[in-house]
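User: Please teach me how to read the features of a protein model one at a time, giving the general idea first and the case at hand second.

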Amino acid sequence: MRLLKVATCNLNQWAMDFDCNLKNIKESISKAKEAGAVIRLGPELEITGYGCEDHFLELDTITHAWECLKEILLGEWTDGIFCSIGMPVIKGSARYNCQVLCLNRKIVMIRPKMWLANNENYRELRWFTTWKQKDQLEDFQLPSDISEALSQKSVPFGYGFVRFLDTAVAVETCEELFTAMTPHAELQLNGVEVFMNASGSHHQLRKLDLRVQEFIGATNTIGGVYMYSNQQGCDGGRLYYDGCSCVVVNGNMVAQGSQFSLKDSEVVVAQVDLDAIASFRGSISSFQEQASSSRPKVPSVAVPVSLCQPFNLKMSLSGPLKVHSGLRELLVKYHLPEEEIAFGPSCWLWDYLRRSGASGFLLPLSGGADSSSVAAIVGCMCQLVVKEIAKGDEQVKADAIRIGKYADGQFPIDSKEFAKRIFYTVFMGSENSSEATRQRAKVLAEEIGSWHLDVCIDGVISALLSLFQTLTGKRPLYKVDGGSNIENLGLQNIQARIRMVLAFMLASLMPWVHNKEGFYLVLGSANVDEALRGYLTKYDCSSADINPIGGISKQDLRGFLRWAAVNLGYPSLAEIEAAPPTAELEPIRANYSQLDEVDMGMTYEELSVYGRLRKIFHCGPVSMFKNLCYKWGGRLTPSEVAEKVKHFFKYYSINRHKMTTLTPAYHAESYSPEDNRFDLRQFLYNARWPYQFRKIDQLVSELDADGVAIKKELGGDGMGVVAAGSSDPKAGL
């Protein structure tokens, strides 16, 4: 037997905070060594943090990364342990995303990334260059101060692997695993047994199982040890990196870290027998033939060191994981989407809170589904903090003491008490607000423990309307009272914007009122569907400091509310979820009550369909019409489908400008319209779409006015992959 103990890790890195990142790296190496591991893998670009973005273009960033690496190598950190450490490196005039492989205070080789992530949330080609030389390793001259300190002038640089006396180890960085020509395939043919994948992969609902299947697939048919490391936490932007570092052996998950956590570092260790890989490969005739044929020869670096130990009963082996879930036994731990919504944004909020210097959060709580979801997520965050402190996490405890202003040795032991210190909620009612929503907000605040305020804004509204009347001689009326659409919309916007102004005023001054230092962060609560449709007032309560649900659909939020009512201990959420969504910006009459879906002219379910077709399947108006004819042809005529498509694109384009000021939101959905980096499109459209809508009209005239007969001769539901995928929450992952 060749027994090998390996360690991978989740690290909560913070872009450009080199002290924080270096501390976490050192801590993870120490934990790995204490566990007896001889290989340690860290996340992609762990020294700088993955999310430095244009800071990668600064030479200071590269210099500081080398300084941190030097500090690691001059200490005892790499003694007896082979470490893969991620950082940017400049070779010649090009900048590369690299894994620096180190052992015994020396650099063994530097492996640059060959395929860069450059879509949706990722822009690696903006900062880095792909490494294109595959046939040989080049000589890399170390920076002079590093060379002096390490007594090492140069190191091998490029695509290759490391040959130890008893095994071979190689790097495969993040995106490379997901390409058509994965490096691990030819590396396996060259005898590599251990693969190290350093990643900077963000959370998205329902995404983890697809990622894990790639790790399993990499070794399922040809064998090997596949190690995966990831960042975990908010490193300064909209993304939450969701950890789940793991080790897979011959297609079996043998060790798995947490997906969501408040910890700064978590080390995952596995003990494996490499003879199991050799035996597995030896039984595959086709693999043996390919490995002995004229395969591409991958260059390597020889290291005269043994990593493995012989058979020893004192060293137990890691076996396939088994997680019980209901009536099934799973090999991997997955969270329900409702749990992902609870824990992902909660951890993201905690990182943002503790790193921003703020003293807490303030949330305009309307008693509706969206703001109540945000309140529940903050409540969940408070519960996680108290639980982590109870487990002995000193860093979480220190942060909670500082933020909550505890003294005399006290610290949070009750989530509701902690919430009272760091969380304000405020119901800003008007004459259009119902008693039902006021009570729902009050009860939920009590269940969570927030400091709750109830204020009527009618006086401020009246003052503004009087000022307007003085200036213009006119006073607008609601539509139900005989006013025009323009008047009706203007009156709604006044209420919405007053609430935004009041929210920021309270966030800055309430700590002073209670003799506290600092400020509170205002939380937004617009969901991804409302942003897509533009069903929000520019600079209203959707305008905040951050928004934990801005990337989550209404349908998923309603599922979360039902789950949270039971699992978070906030039973009032069940009543909130059951209530029809309403903005409560218009007067309530016996024969009229404002409803969101009526206002929008479409359901939230339809919005999700439009969103997936537009973003994930890249459908313009005409393509969307064609696919929806297949999807809805059994119940709608082509002309009815056309009207729905036109209605969506009209209001999508009219309101696209609102995305330019959208509050930074937690990214969780494939069809997010957020235009900072994820959905790059213009914000001034010809909202009539004359050419495209004319094409749709031509198609309608050519089709049977009574409907489209969907044929099912080829099997399935007759609507095709795109139309069917428009209702699939996993589409686009």
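User: Is Ser 151 buried or exposed, and what is its relative accessible area?

Analyst: A word on the source first: this is a predicted model, in which local features need pLDDT of at least 70 and side-chain atom pairs count only at pLDDT 80 or more, while totals for chains, interfaces and linings use all residues. Residues are numbered from 1 along each chain as its sequence is written, and side-chain values use heavy atoms, with hydrogens and water left out. A residue is called buried under 20% relative accessible area, exposed over 50% and partly exposed in between, with a 1.4 Å probe and protein chains only. With a relative accessible area of 63%, Ser 151 is therefore exposed, and its place is the loop between helix H4 (144-150) and strand S7 (154-157). Helices (H or I, at least four residues) and strands (E, at least two) are DSSP runs, numbered from the N terminus.

User: What is the phi of Ser 151, and which residue in the loop between H22 and H23 can I set beside it?

Analyst: The general idea is that most residues other than glycine have a negative phi. Ser 151, although not a glycine, has a positive phi of about 55 degrees. In the loop between H22 and H23 you will find Trp 689, which has a positive phi of about 40 degrees and is not a glycine either. Trp 689 has a relative accessible area of 11%, so this residue is buried.

User: How many aromatic pairs are there, and how is the pair of Trp 348 and Tyr 666 arranged?

Analyst: A pair of aromatic rings is described by the distance of the centres and the angle of the planes. Rings of Phe, Tyr and Trp (its six-membered ring) pair if their centres lie within 6.5 Å, and planes under 30 degrees apart count as stacked, over 60 as edge-to-face and the rest as tilted. By this rule there are 31 aromatic pairs. In one of them, Trp 348 and Tyr 666 meet edge-to-face, with 5.6 Å centre to centre and 85 degrees between the planes. This pair joins distant parts of the chain, for Trp 348 is in helix H9 and Tyr 666 in the loop between helix H22 (638-654) and helix H23 (690-702), 318 residues apart. Both Trp 348 and Tyr 666 are buried.

User: How is the pair of Tyr 424 and Tyr 520 arranged?

Analyst: Tyr 424 and Tyr 520 form a tilted pair, 4.7 Å centre to centre with 45 degrees between the planes. Because Tyr 424 lies in strand S20 (residues 423-429) and Tyr 520 in strand S22 (residues 520-522), the pair ties together parts that are 96 residues apart in sequence. Tyr 424 is buried, as is Tyr 520. Ring pairs also link several residues into a cluster, among them Tyr 610, Trp 632 and Trp 689.

User: What does Leu 521 touch, if residues up to four places away in sequence are not counted?

Analyst: Contact means heavy atoms within 4.5 Å. On that reading Leu 521, which lies in strand S22, touches Tyr 352, Ser 356, Ala 358, Gly 360, Phe 361, Leu 362 and Asp 545. Leu 521 and Leu 363 are 158 residues apart in sequence, yet 8.5 Å apart in space, C-alpha to C-alpha. Leu 521 has a relative accessible area of 5% and is buried.

User: At what angle do the axes of helix H9 and helix H11 cross?

Analyst: Axes are lines fitted to C-alpha atoms, for helices over the stretch in contact, and angles run from 0 to 180 degrees between N-to-C directions. The axes of helix H9 (residues 337-356) and helix H11 (residues 394-404) cross at roughly 60 degrees and come within 10 Å. Angles under 35 degrees count as roughly parallel, over 145 as roughly antiparallel, 65 to 115 as roughly perpendicular and the rest as oblique. H9 is therefore oblique to H11. On the side of H9 the contact is made by Trp 350, Leu 353 and Arg 354, and on the side of H11 by residues including Gln 395, Val 396 and Asp 399.

User: How do H10 and H11 lie to each other?

Analyst: The axes of helix H10 (residues 369-390) and H11 come within 8 Å and cross at roughly 130 degrees, so these two helices are oblique to each other. Val 385, Glu 388 and Ile 389 of H10 make the contact with Val 396, Lys 397 and Ala 400 of H11.
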